[in-house]
Amino acid sequence: MTEVVTFDEVGPVGLIRIHNPPVNAISHSVRLGLVDAIAQAERHSGIRALLILSSGDLFSAGADIAEFDQPLGEPSLQQVEFRIEACPIPVVAAIQGLALGGGLELAMACHYRITHKNARLGMPEITLGIIPGAGGTQRLPRLIGARAALGMILSGTPVSALDAKARGLVDEVVEDDLREAALRFSNHLVQEKLGPRPTCKRTVTGDLDDAEIGAALLAHARALKGRTTQNLVIEAIKASRLPFSQGIAIETTLAQKSLVSRESLALRHVFFAERESAKLSRLSSADAKQAQPPAIQRAAVIGAGTMGSGIAIALADAGLDVLIHDNDPAALTRSREIVQSTYASSVKRGRLTQNVAEDRIHRIRSTEARTEVADADLVIEAVFENMELKKDVLSTLDSVLPPERLLATNTSTLSVTELARATSHPERVLGMHFFVPAHASKLLEIVRTDHTSPETLSTAFRVAKLLKKVPVVSRDAFGFIGNRMMLDGYFREAEQLLLEGATPAQVDAALENFGFAMGPQRVSDLGGNDVGTKARVQLFKHENRPGPYFVIADRLTEMGWLGQKTGRGFYRYENGSREAMPDPEVISLIEKLASERGIEQREINDEEIVERCILSLINVGAMVLEEGIAACAGDIDVVWTSGYGFPRHLGGPMFHADTLGLSHVLQRIRLYHKKLGYYWRPAELIERLAAADSTFEEWDESSVSR
Ligand code: CAA
């Protein structure tokens, strides 16, 4: 037997334990171990029931995703499940923590399921672009009905143990020691001579008609936009009405199809890229040797604006006590209102209970006295984007805080290096670039300078983990990773297309159809055109850009057409509505700006809009890579999929470039370079990789040894 699965006898119960840290993935060795253990139990006449449980915090995170690209080693999970289901003695699964994907499929093949009250059970395969391929689409409908199974698989979100019990997915939920309870449960089966109860022998309840399928798709429309895996899920669930063996055969074919799809390759790429970006050890060996970071219990936020308040909420959500400081009492009052209304809305949406919300509100205290932050374990400065103001704040904080404490600046445009120089401990300073809304957005861009110490970086990673955010480290440079690509690439090109004759509505629609959550002009109007203008003014103090560079957005700012908040921007918004309505005056303004620059307007099709915006994003991404601002292409993909609305199922801009083929990408960039000049100069890295017939993925792999 392999060491990842152990077998013990506890009276008449054979106890099979999976021990495959960190997440008890059902890898090849686990599957071998399970089959061995079952065979061992069957040989032993004294064993009258089998109990499968796991070590650690969770039952199983499912099939081993790292094995997906390799030939499947037998036995497959399906074969293990057939073996369990055919077992002549009852088999019980005892679930703690999480049972996900293949983990839940294994449990569903057991004859009985008992779970701890805090456990959650789910089928997250769709988030990886695959369908449950180890009987999930056939056994789940047999246990909870076809409609509920479809909803659960399409959502990808786990359900609670109590919910699972109510649906008929588990037999018993216990609050105390799971092992003891599961042993009692198994002994009871033996005493009562309650034998095997194979799920495959059950019939599927409930019909799945077109209306129900439509309703299920609608419920998950946002997450499934532009996706295709859901069609395979529906086909597989429909097949659960057939005899089990036929349904399983159909599921296997569909699962194979999903596994080799582009969508799945892209989503798995993002899954691993997110985990890689969160590894500090990858950045340098010195960082790897970081000492255990100090505990973080108290945090302080300086600046009680929208961003500061959002950061305070994020910190309180992570269980920290937060002190929010502002010199202006009115700002502190507004901030309290933001905090109250944000939590009230979470309660209203059923995301938090009133008690939890109140606890978090009480965790956030405000003060006008800057020196009060002295005992905070970490301080995040979030005052206005003004170099002198931020320098002043950081230098005061530096004098009151013990030198080992982290001092973070939430700038999105200023030089973190210059800000750090305002302190006598630049090694403890870094940038923490939060995205709006700070408490809900997934990405945290961590900006390191040449002086940032490994300990400081390590603490920042710990903060990201506490906040459940995906950290990506950027070197300190113009716009860091995300905004540099947005400004020099994506948004700039979108504006250029407007000057050449496309309308804001056309550009937005084309990019939303490509898969972006929101097109660039609608994003500008939402965030405020003035925000972009101010950011560029700050950025230009370090590095200028030749024109035309955001001439339209800057003119709109000059005119006070700031977007949704003023009712006018790239679009009109009537009576406080968020509906973006085309504005003929904006079109005339763009025509005028174009003619002043000698740009001739013409009809532009959607294909060209998407190609130019995406290729310019890729091209600047490659520059960000070759300049060492991002450590790898995977980091860029994480930034864009988790912070800028790039469709996750396309894997991020750099993965998408690989999918398009770098030779093709280069050829198109060269073409646009000839027509459009400066901003289309091809990144040298793309030229090199294309010449070697290579990819960004290979570049990342080779960078491990660089
Ligand atoms: N297979 C292989 N490795 C896995 C894994 C899996 N199913 N799930 C997690 N891991 C790895 C991660 O890559 C990570 O490895 P490194 O430390 O080397 O980076 C490690 O386990 C810890 O993972 P996290 O950093 O994500 O830890 P966490 O505590 O934040 O989250 C988790 C734990 C909620 C289980 C999360 O890892 C997760 O959501 N995993 C994926 C679950 C999933 O999608 N399961 C379905 C698999 S597909 C399937 O089962 C198909 C089928 O039908 C047969």
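This passage describes the fold, the ligand surroundings and some local features of a predicted protein model. Local features required pLDDT of at least 70 and side-chain atom pairs pLDDT 80 or more, whereas totals for chains, interfaces and linings use all residues. Residues are numbered from 1 along each chain as its sequence is written, and side-chain values use heavy atoms, without hydrogens or water.

The protein contains 31 helices and 17 strands. Helices (H or I, at least four residues) and strands (E, at least two) are DSSP runs, numbered from the N terminus. The C-alpha atoms fill a box of roughly 90 × 60 × 55 Å along the principal axes. The radius of gyration, taken over C-alpha atoms, is 28 Å. This agrees with the value near 27 Å for a compact globule of 706 residues, under a rule of 2.2 Å times the number of residues to the power 0.38. Buried residues make up 56% of the 706 residues. Buried means under 20% relative accessible area, exposed over 50% and partly exposed in between, with a 1.4 Å probe and protein chains only.

The ligand is surrounded by 25 residues, each with a heavy atom within 4 Å of it. Among these residues, A61, G102, E105, R275 and K279 come nearest. The shell divides into 16 nonpolar, 4 polar and 5 charged residues. Here Ala, Val, Leu, Ile, Met, Phe, Trp, Tyr, Cys and Pro count as nonpolar, Asp, Glu, Lys and Arg as charged, and the others, Gly among them, as polar. A polar backbone atom of A61 lies 2.7 Å from a nitrogen atom of the ligand. E105 places a polar side-chain atom 2.7 Å from a ligand oxygen atom. For G133, a backbone N or O atom is 3.1 Å from an oxygen atom of the ligand. On its own, the ligand has 980 Å² of accessible area, and the protein covers 70% of this; the areas come from the Shrake-Rupley method with a 1.4 Å probe. Strand 5 (98-100), helix 3 (102-109) and helix 12 (262-277) each give two or more residues to the shell. Helix 12 gives the most, with 3 residues.

The model has 0 disulfides, defined as pairs of cysteine sulfur atoms within 2.5 Å. For C110, the nearest cysteine sulfur is that of C87, 9.4 Å away. C110 is buried, at 0% relative accessible area. The sulfur of C110 is in turn the nearest to C200, at 13 Å.

Helix 27 (residues 633-643) is mostly covered, with 10 of its 11 residues buried. These include D635, D637 and W640. Just after helix 27, G645 takes a positive phi of about 75 degrees. H656 lies in helix 28 (residues 653-660) and is buried, with a relative accessible area of 12%.

Most residues other than glycine have a negative phi, and most peptide bonds are trans. A cis bond joins E74 and P75, with omega about 0 degrees. P75 sits in the loop between strand 3 (49-54) and helix 2 (77-85). The bond from G547 to P548 is also cis, with omega near -5 degrees. P548 belongs to the loop between helix 23 (529-540) and helix 24 (551-558). N575 has a positive phi near 45 degrees. It is found between helix 24 and helix 25 (584-596) and is exposed, at 83% relative accessible area. D693 has a positive phi of about 55 degrees. This residue lies in the loop between helix 30 (684-691) and helix 31 (696-703), and at 66% relative accessibility D693 counts as exposed.

Definitions and conventions. A polar contact is a pair of N or O atoms within 3.5 Å; within protein, one must be able to donate a hydrogen and the other to accept it, and residues adjacent in sequence count only if both atoms are side-chain atoms.
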